[in-house]
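Thank you all for making the time this morning. I would like to walk you through one structure, taking the charged pairs to begin with, then the cysteines, and finally a small piece of sheet.

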Amino acid sequence: MGSSFSALPTMCMLVLVLLLWGGEGREPFACDPKDGGTKGLPFCRSGLAIEARVKDLVGRLRLQEKVNLLVNNAAAVPRLGIKGYEWWSEALHGVSNVGPGTKFRGQFPAATSFPQVITTAASFNASLWEAIGRVASDEARAMYNGGTAGLTYWSPNVNIFRDPRWGRGQETPGEDPILAGKYAASYVRGLQGTDGDRLKVAASCKHFTAYDLDNWNGVDRFHFNAQVSKQDMEETFNVPFRMCVKEGKVASVMCSYNQVNGVPTCADPNLLKRTVRAQWGLNGYIVSDCDSVGVFYTSQHYTSTPEEAAADAIKAGLDLDCGPFLGAHTQNAVKKGLLSEADVNGALANTLTVQMRLGMYDGEPSGHPYGNLGPRDVCSPSHQELALEAARQGIVLLKNKGPSLPLSTRRHRTVAVIGPNSNVTVTMIGNYAGIACGYTSPLQGIGAHARTIHELGCANVACTDDKQFGRAINAAQQADATVLVTGLDQSIEAETVDRAGLLLPGRQQELVSKVAAASKGPTILVIMSGGPVDITFAKNDPRIQAILWAGYPGQAGGAAIADILFGNANPGGKLPMTWYPEGYIKNLAMTNMAMRGRRSTGYPGRTYRFYNGPVVYPFGYGLSYTHFVHTLASAPKVVSIPVDGHRHGNSSNIANKAIRVTHARCGKLSISLHVDVKNVGTRDGTHTLLVFSAPPAGNGHWAPRKQLVAFEKVHVPAKGQQRVRVNVHVCKLLSVVDRSGTRRIPMGLHSIHIGHVKHFVSLQAETLGIIKS
């Protein structure tokens, strides 16, 4: 069929595509071959270089037309045959209808809704993240072809989950910068494709930068000035964005609402022009968070006039405003001499380039490589199966006394399913989700394996009274096993909603304890949440035999939970964030951005990299139904770092045992580790291999305690063994950042931790040329 199909004339081909998926085709965005007035213009010639096409188009636009293209709902330019375009679509974990660019209707009533990001991050599986991105972009392209979605998606969110109370922590890949950066690069590759300069859809890494407070104790994101040291900026907050741009080749970066050290991020040329574009080499556009240009004028009073705000944003490197502000004030800013038309042209060149890379100026969409995607490619069986598999991989087993899990369908024929999240659907998809293809609630999932007795226990997660406790206790007394599904939802943690504390809300803890005390069979606690919860009581309660964290597990969450409970799947997830006790946040202001602890003031430090106090469960924790043992098969003990000599004053710091990364010849300088992973248990399982490093002694006053440098997934059959090769790039991953924000490689003995295995490798400088101090 291939050759005869491709030989059909364009219009016949389009008709056949429509017949195949029964959809309404999308008219060309621009360069319609039926429009004799525009089809021959240079910007419509797909054979020309994109740079030449963009230059031609910008040269044809009038100032008012240019200004009308600087906003998310970009206006049409009828005289050039260009339609209006809505830039704002979202695909955080599947195509979402949060942005106005996407509408679920007609032949596209829904899209595959994957687990929330914090849940898939727990899989530590980069190939899974990329696969989810591929599915989301398949569905996005299909919906675009059907006229119900755009091609520019303002996802993923790669901010660091710095404080456990943050309502949007659920949207992020967790607290570790390397994990977040690897997630960013993988998911972006999935969304954008790997076809050179051509884009499947255009992703955007957000919110740049040091953005991780929404509304806490009277401080909101619109007024917050994040005071961040150069050290923390380089070492923590900017790492995922740098990896997203340099490794993921993302087409966009979104600047945030907050100020950083007194300057709004969307008006800061050091952040936008000099860092994102010049240093990291962004090939794409920079967009504001929605209304953030207006916010820094009206709420932060950063400029005296709206024209100054428009000029500051564009001159700082902003190319597109999500919101009306630039559309309303840029023309006057040019007239007043605050901004040149060349500045506007530069911004437009970046957005138009991305549209051309998406094929929006290539005429018939059906002729595009993704032009044949349609309704059959949305909510397909394979896509929904991936959503189920992603949930299975993201669920974390926190406790399994006995072991009590997995449950047996022979011995546990009746299961009491209790708790405010026991029969939820929409709760499972978290925020920035769309309309799911369908849902399997926890009650439905468990019901496929056993007879169920269902009681909520609490009317909702707020759990303000004990009126339903009696019925829940009665159910537990009758059943062979009890599964309590508790936790949080978007009423407790969400965009604009930061949590006040870390305990289960209301009287949920009391419900869990009373039901566990009365339960005839084993009691299993399932926590559904984005952020960590202090469940010390359950961890220490011998009547609660097992605990699962399910995050927000997506449309198939209930089926995945049941698969883990009954042993159809072996849990392999690991926590992507530290679970702190409630006492951790006592006297800890969310507004304090410092990562490092300070003993003199009692400031505890943040994340596993800098906090060394008591935890409920540590970062990277997670159990399995089998047992894995690692052995280091081979690893170097000494690595030479080639260092360039310098003739002038800048000391190499070899004497200080830390060499500037810029002075080392990094190239592909890597440490290669070979690790044997043996499954000594009786069940097949997938092991998450986490590799940490700790710098040499003596760097403790400014280096992290330890940091994640690599992770790998490996499937090992029962009693089997697999060898895993791990490469650790010395300059990127064994370097640390000093107080001035300079990245350095400490010389001496670095310790590499893989589970209980510890290996020391000595980094030694090999001087090239003359060094003068």
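**Salt bridges, disulfides and a sheet**

Let me begin with Arg168, which forms a salt bridge with Glu495, the closest N and O atoms of the two being 3.1 Å apart. Arg168 sits in the loop between helix 6 (126-145) and helix 7 (177-192), while Glu495 belongs to the loop between strand 14 (481-487) and helix 18 (508-518), so this pair ties together parts of the chain that are 327 residues apart in sequence. Please keep in mind throughout that this is a predicted model.

The two partners do not share a surroundings class, since Arg168 is buried, with a relative accessible area of 0%, whereas Glu495, at 22%, counts as partly exposed.

The structure holds 38 salt bridges, and I will take two others from that set. In one of them, Arg277 pairs with Asp319, with 2.9 Å between the closest N and O atoms. Arg277 is part of helix 10 (residues 270-279) and Asp319 lies in the loop between helix 12 (306-316) and helix 13 (325-335), so here the parts being tied together are 42 residues apart in sequence. Arg277 counts as partly exposed at 21% relative accessibility, which is just a little over the 20% under which a residue is called buried, and Asp319 is buried, with a relative accessible area of 3%.

In the other, the side chains of Arg507 and Asp466 meet at 3.4 Å, N to O. This pair again links distant parts of the chain, 41 residues apart, with Arg507 in the loop between strand 14 and helix 18 and Asp466 in the loop between strand 13 (451-455) and helix 17 (469-478). Both ends are partly exposed, Arg507 with a relative accessible area of 29% and Asp466 at 34%. Salt bridges that share partners also join Arg168, Glu171, Asp214, Arg221 and Glu495 into one network.

Turning to the cysteines, a search of the whole structure finds 7 disulfides, including the one that joins Cys31 to Cys44, with an S to S distance of 2.1 Å. Both of these cysteines lie in the loop between helix 2 (10-21) and helix 3 (50-60), 13 residues apart, and both are buried. The link is left-handed, with -80° about the S-S bond.

Which hand does the disulfide of Cys205 and Cys244 have? The torsion about its S-S bond is about 75°, so this disulfide is right-handed. It connects Cys205 in strand 3 (residues 205-208) with Cys244 in helix 9 (residues 239-246), 39 residues apart, and the S to S distance is 1.9 Å. Cys205 is buried at 0% relative accessible area, and Cys244 is likewise buried at 0%.

A further disulfide is formed by Cys458 and Cys463, their sulfur atoms 2.0 Å apart; Cys458 is buried at 1%, and Cys463 counts as buried at 1% as well.

Finally, the sheet. Three strands form an open sheet in the order 19-25-24, with antiparallel pairing. Strand 19 (658-660) and strand 24 (736-737) stand at the edges with a single partner strand each, so one side of each is left without a neighbour in the sheet. Strand 24 is joined to strand 25 (residues 743-746) by 2 bridges, and Val736 has Arg744 in strand 25 as its bridge partner.

Key
Residues numbered from 1 in each chain as written. Predicted model: local features only at pLDDT ≥ 70, side-chain atom pairs only at ≥ 80, totals over all residues. Heavy atoms only, no water. Pairing = 2+ DSSP bridges. Helix = DSSP H or I, 4+ residues; strand = E, 2+ residues; numbered from the N terminus. Disulfide = S-S within 2.5 Å. Buried < 20%, exposed > 50% of the residue type's maximum accessible area, 1.4 Å probe, protein only. Salt bridge = Lys/Arg side-chain N within 4 Å of Asp/Glu carboxyl O.
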